[in-house]
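Subject: Structure handover

Hello,

Here is the structure for you to look through. My notes on it come after the model.

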Amino acid sequence: MAVIGLPVTRAEVTAYLSEALDLEPAHVPPPSLEAVVDRLADMELRQGEVVLVRAANGVPLLTYFFAVLFAGGVPALLAPNTPVSRIREVAEKIGAGLLLTQRGATALDHTAERHIGSAVVVRLAGIEPRFHEAGDVVILTSGTSGVSSGCCHRLSALLRNGRRHALAVGLRAYDNILVSLPLNYSYALVAQALAGLTVDARLVITGPPFTVSAYSGMLLEHQVTSSSLTPFMVRQLINGDWKPPEPLRALTVGGAAMEPSMTEALLDRAPGLEVYLTYGLTEAGPRVSTLAAHLEPVRRLTSVGQPLIGTEVSLRDVDSDGVGELLVRSDTVMRYRVGMTETGDAKGFTGERQIATGDLFSLDGDGYLYCHGRRTEFLTSRGSKVSLPSVRRIANTVPGVVNSVTRPYVDDDGETVFQLDLYLMDTSAEQDTRRALLRQLLPVERPSRIRMLPASELGHK
């Protein structure tokens, strides 16, 4: 099955992945790109059909991602620890008929299966497929728009966005890029894996958990020159009295806004290190702007920089302080949304190739962007975005739960976390309720505190 018009060739992708280094010792070498394409054809994958891919960070995950594209399908990457119940829900909401995952890792009903090395591809039973165009990619947006929603992008647009980001942060052909962030999120997928492909860099891939000692060791041992982290990870580095090893040339920080004091501390600790603060949103690019913090005066460290090449920004509903909702116009914004959006926010098209982000910004006279918060109901907790409406909806499906309430707060470490209040018909079943809830939530979605309250107290808290 040939796919016409993909912006990269199988030979280019094969060469890129063959140079990548997978630091996970449990990973066996993945099957060839051609072998995965053949197995997908055996499963009668149709042009434009969505394939859910669940695998840990590593070369196999990227092999499966590109193989789905070359087979004519549309890949949608899941977190590797996604519960079976969640997989079924996502498949139903976005219309994914096939699942590619580790052998023995799924108990979902299916009508056919084929083994692919250490993985298996299954055709899910009872799913009504939805079709897109060959060459499309679905990036799930569980943190911002609900656990069963995503954005449809063209692979060509994602590569274009990755290339523009690479130019903004100075990625080069000789760079060794450490990928320690989840590849199922747009930040690592586009700003690292796809950006690296556009400049012919080399990937060094690892995964959680993140520790300062392990991170420093990997940078040195594998001569890493470029790395991307979240502000939560940067805080651990600063608290751990970290100093960058000599090979590291550039560090990019994204996923959430970073406090200016942390940026200053990072720059003070790492003279000569290139530090880039980035802003992005899966719907809007995904990368939107970059600040070369090491080149800017201290007063600009509250900014997320200027828009990437080819990206235009504006504000709407601006208040007396000059703060309004950010609108992004680019040829790399999403094509359309897929699945079920739970947040009720206004993110969507406001014009041709223009997206309303739901984020509040101001702009200075030089075109620098300053973030002032969000209108959408999600929070960034320990580096990961969490959809609070999704957490409440899932909690409300647990037997015995009448209602639930999420209560964000700042913990002793200065991190925004949340408490979940569950209102129960029978409070004697607290332990069973807790276990049933935690089985359905990803680790990043689990509340820092859970309170069990009698249903009679509804409306009084």
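The notes below go from the whole chain to single strands, helices and residues.

This is a predicted model, so local features were taken only at pLDDT of at least 70 and side-chain atom pairs only at pLDDT 80 or more, while totals for chains, interfaces and linings use all residues. Residues are numbered from 1 along each chain as its sequence is written, and side-chain values use heavy atoms, with hydrogens and water left out.

Overall dimensions

The protein chain has a radius of gyration of 22 Å, which agrees with the value near 23 Å for a compact globule of 461 residues (taken over C-alpha atoms; the globule rule is 2.2 Å times the number of residues to the power 0.38). Along the principal axes, the C-alpha atoms fill a box of roughly 60 × 55 × 45 Å. The chain has 12 helices and 26 strands (DSSP runs numbered from the N terminus: helices are H or I with at least four residues, strands are E with at least two). Of the 461 residues, 56% count as buried (under 20% relative accessible area; exposed is over 50% and partly exposed is in between, with a 1.4 Å probe and protein chains only). About 18,200 Å² is exposed, and carbon and sulfur atoms supply 50% of that area (Shrake-Rupley method with a 1.4 Å probe; for residues, only the protein chains shown count as cover). Among contacts between residues at least 6 apart in sequence, 68% join residues at least 24 apart (contact means heavy atoms within 4.5 Å).

Cores

The largest nonpolar core has 87 residues (a set of buried Ala, Val, Leu, Ile, Met, Phe, Trp, Tyr and Cys residues joined through side-chain atoms within 4.5 Å). Phe66, Leu100, Leu203 and Tyr215 have the most contacts inside this core. Leaving out residues up to four places away in sequence, Leu203 touches nine-residue surroundings that include Tyr16, Leu62, Ile177 and Val179. A second, separate core of 20 residues includes Val50, Leu52, Ile87 and Val122.Strands and crossovers

In strand S9 (residues 176–179), Asn176 and Leu178 point one way and Ile177 and Val179 the other, and all are buried. S9 runs parallel to strand S10 (residues 202–205), and four bridges join them (two strands pair if DSSP finds at least two bridges between them). The partner of Leu178 in S10 is Val204. S9 also runs parallel to strand S11 (residues 226–229), with two bridges, and Ile177 stands opposite Ser226 there. S9, helix H7 (residues 186–199) and S10 form a right-handed β-α-β unit (with the strands pointing away from the viewer, the path from the first strand over the helix to the second runs clockwise).

Another right-handed β-α-β unit consists of S2, helix H3 (residues 59–70) and S3. Strand S2 (residues 50–54) is parallel to S3 and joined to it by five bridges, with Val51 opposite Pro75. Five of the five residues of S3 (residues 74–78) are buried, so this strand is largely enclosed by the rest of the structure. Val74, Ala76 and Leu78 lie on one side of S3, and Pro75 and Leu77 on the other.

Helices and single residues

Helix H11 (residues 388–396) has seven of its nine residues buried and is therefore largely enclosed by the rest of the structure. Its buried residues include Leu388, Arg392 and Ile394. In helix H4 (residues 84–94), the buried residues include Arg86, Ile87 and Glu89. Gly95, just after H4, takes a positive phi of about 75°.

Arg164 is in helix H6 (residues 155–169) and counts as buried at 15% relative accessibility. Apart from neighbours within four places in sequence, Arg164 is in contact with Leu308, Ile309, Gly310, Ser330, Asp331 and Thr332. Pro307, in strand S15 (residues 303–307), is partly exposed, with a relative accessible area of 28%.

Backbone points to check

Cis peptide bonds join Pro208 to Pro209, with omega about 0°, and Gly285 to Pro286, with omega about 5°. Pro209 lies in the loop between S10 and helix H8 (212–221), and Pro286 in the loop between strands S13 (274–280) and S14 (287–292). Gln223 is not a glycine but has a positive phi of about 50°; it lies in the loop between H8 and S11. Asp241, also not a glycine, has a positive phi of about 55° and counts as exposed at 55% relative accessibility.

Regards
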